[in-house]
Amino acid sequence: MDINSIKTIGVVGCGLMGAGIVETCARAGYSVIVREVNDGLLEKGLKRIRASMAKGVEKGKLAQADMDAAMARIKGTLSLADFKGCDLVVEAAVENMDLKKTIFTELDTICRPDTILASNTSSLCVTEMAAATERPDKVLGLHFFNPVPVMPLLEIVRALLTSDETVELGCALGDKLGKTVVVAKDRPGFIANLLFVPYALDAIRWLDAGLAGKEEIDTTMKLGFNHPMGPFTLMDFVGLDTLLFIADAMYAEFKDSRYAAPPLLRRMVQAGLFGRKSGRGFYTYTK
Ligand code: CAA
């Protein structure tokens with residue numbers, strides 16, 4: 001399989017990340033099939049894609065005709081069996097290893113033997129997902145960043161048995177999608193979260209210790225380092241439940257206290273304070 005044979009991309013899951021991946025692929029000219037588990041979630045995901053592209057049109061980044069053409073290239077489904085003709089599939093389901101392994105095993109039987117299977121996981125082991133298939137050489141991680149149509153980075157994860165050809169194909173796809181690609185080994189957190197998570201957890205520890213308020217810490221990183229968002233705004237944006245999940249996965253693997261979630265983070269997640277998506281995290285949000 002070479003990059004020019006990739007015409008149809010399947011995306012499993014149309015949540016925040018899945019919808020962004022679908023939009024980015026459709027805008028790059030690919031036919032995209034996206035699977036959700038029920039009509040309500042599928043409709044919500046497609047609405048999210050439409051709204052994001054409309055914002056692109058409003059901001060002058062996308063012509064209305066290109067938005068209409070991209071929308072016409074997207075097809076929703078409730079069945080993975082519709083991925084039969086896909087040349088590459090990106091799994092963007094919830095971060096649950098058992099669920100991901102089931103999806104990979106199903107895709108392995110549904111898709112052609114040369115189809116590339118990828119996961120958008122931000123912390124789970126891609127090698128374990130690959131082992132749930134008969135084609136571990138054709139499995140890799142394609143880790144996109146939120147908001148996917150705007151963020152220029154694509155982290156490619158080379159699992160233990162991923163072939164050079166598959167990594168090269170992932171790099172070529174990143175190029176077609178207008179992303180800058182970095183390749184990392186299959187370790188929890190890859191490059192981005194391996195560096196971001198200890199920084200975020202430290203910000204929480206120092207907030208809890210009374211070093212300064214969240215606004216002061218955010219302002220410091222925004223104005224002192226030119227970060228577009230301070231750590232608390234960014235954690236709310238990423239989702240505190242997601243951050244906790246990634247930190248726990250990293251701690252489980254490395255047993256290093258740098259990755260141990262501080263009690264305040266765990267309490268906030270237990271209390272349902274997930275950040276922007278739930279309306280409250282470190283800050284409060286009104287829709
Ligand atoms: N299509 C095309 N362009 C779009 C667009 C769309 N759908 N939506 C927005 N844009 C463009 C805008 O036109 C704008 O472009 P210009 O700068 O040229 O004007 C740019 O994108 C920024 O958009 P906005 O004006 O809407 O908003 P903003 O300036 O407040 O930026 C943001 C929003 C991009 C999210 C910015 O705040 C930011 O960069 N935040 C940090 C995001 C980040 O760190 N994400 C990573 C999270 S971690 C993750 O995802 C992975 C993980 O594993 C946890």
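Here are some exercises with worked solutions on the predicted model shown above.

**Exercise 1. The sheet**

Work out in which order the strands of the open sheet lie, and which strands form its edges.

*Solution.* Start with the order: the open sheet has 8 strands, arranged as β3-β2-β1-β4-β5-β6-β7-β8. Next, look at the pairing, which is mixed. Now go to the two ends of the order, where you meet β3 (74–77) and β8 (180–185). Each of these edge strands pairs on one side only. To finish, consider the twist: with direction ignored, neighbouring strands of this sheet are turned by 25° against each other on average.

**Exercise 2. Strand β4 and its partners**

Find the strands that pair with β4, and decide whether the faces of β4 are covered or open.

*Solution.* Take one partner at a time. Strand β1 (residues 8–12) pairs with β4 in the parallel sense over 4 bridges. In that pairing, Val 11 stands opposite Val 90 of β4. Strand β5 (residues 116–119) also runs parallel to β4, and 4 bridges join them. Here Leu 88 stands opposite Ile 116 in β5.

Then turn to the faces. A general idea helps: in a regular strand the side chains alternate between the two faces of the sheet. In β4, Leu 88 and Val 90 are on one side, while Val 89 and Glu 91 are on the other. All four are buried, and both faces of β4 are covered.

**Exercise 3. A closer look at Glu 91**

Determine whether Glu 91 is buried or exposed, and list the residues it is in contact with.

*Solution.* First place the residue: Glu 91 is found in strand β4 (residues 88–91). Its relative accessibility is 0%, so Glu 91 counts as buried. For the contacts, leave aside the neighbours within four places in sequence. What remains is Val 12, Lys 100, Ile 103, Phe 104, Ala 118, Ser 119, Asn 120 and Met 129.

**Exercise 4. From β6 to β7**

Describe how β6 and β7 pair, and find the cis peptide bond at Pro 147.

*Solution.* Begin with the strands. β6 (residues 139–144) and β7 (residues 153–158) pair in the antiparallel sense over 4 bridges. One residue pair to look for is Leu 142 with its bridge partner Ile 156 in β7. Now follow the chain into the loop between β6 and β7, where Pro 147 has its place. The peptide bond from Asn 146 to Pro 147 is cis, with omega near -5°.

**Exercise 5. Helix α10 and its neighbours**

Describe how α10 packs against α11 and against α7.

*Solution.* Two packed helices are described by the angle between their axes and the distance between the axes.

- Step one: α10 (residues 240–254) and α11 (residues 263–270) pack at about 130°, with their axes 9 Å apart. That angle makes α10 oblique to α11. The crossing of α10 past α11 is left-handed. Among the residues that meet are Leu 240 and Leu 244 from α10 and Leu 265 and Met 268 from α11.
- Step two: α7 (residues 192–208) and α10 pack at about 110°, with axes 10 Å apart. This makes α7 roughly perpendicular to α10. α7 passes α10 in a left-handed crossing. The contact includes Phe 196, Val 197 and Ile 204 of α7, together with Ile 246, Met 250 and Phe 254 of α10.

**Exercise 6. Positive phi in the loops**

Find where Asn 226 and Lys 255 lie, and decide whether they are buried or exposed.

*Solution.* Asn 226 lies in the loop between α8 (214–225) and α9 (231–238). Its phi is near 60°, a positive value in a residue other than glycine. With 69% relative accessibility, Asn 226 counts as exposed.

Lys 255 is found in the loop between α10 and α11. The phi of Lys 255, which is not a glycine either, is also positive, near 50°. Lys 255 is exposed, with a relative accessible area of 59%.

**Exercise 7. Cysteines**

Count the disulfides, then check Cys 14 and Cys 86.

*Solution.* The cut-off needed here is a pair of cysteine sulfur atoms within 2.5 Å. By this rule the count is 0. For Cys 14, the nearest cysteine sulfur is that of Cys 25, 12 Å away, and Cys 14 is in no disulfide. Cys 14 is buried, at 3% relative accessibility. For Cys 86, the nearest cysteine sulfur belongs to Cys 111, 6.1 Å away, and Cys 86 is in no disulfide. Cys 86 is buried as well, with a relative accessible area of 0%.

Key: Residues numbered from 1 in each chain as written. Predicted model: local features only at pLDDT ≥ 70, side-chain atom pairs only at ≥ 80, totals over all residues. Heavy atoms only, no water. Buried < 20%, exposed > 50% of the residue type's maximum accessible area, 1.4 Å probe, protein only. Pairing = 2+ DSSP bridges. Axes fitted to C-alpha atoms, helices over the stretch in contact; angles between N-to-C directions. Parallel < 35°, antiparallel > 145°, perpendicular 65-115°, else oblique. Left-handed = near helix turned anticlockwise from the far one by under 90°. Contact = heavy atoms within 4.5 Å.
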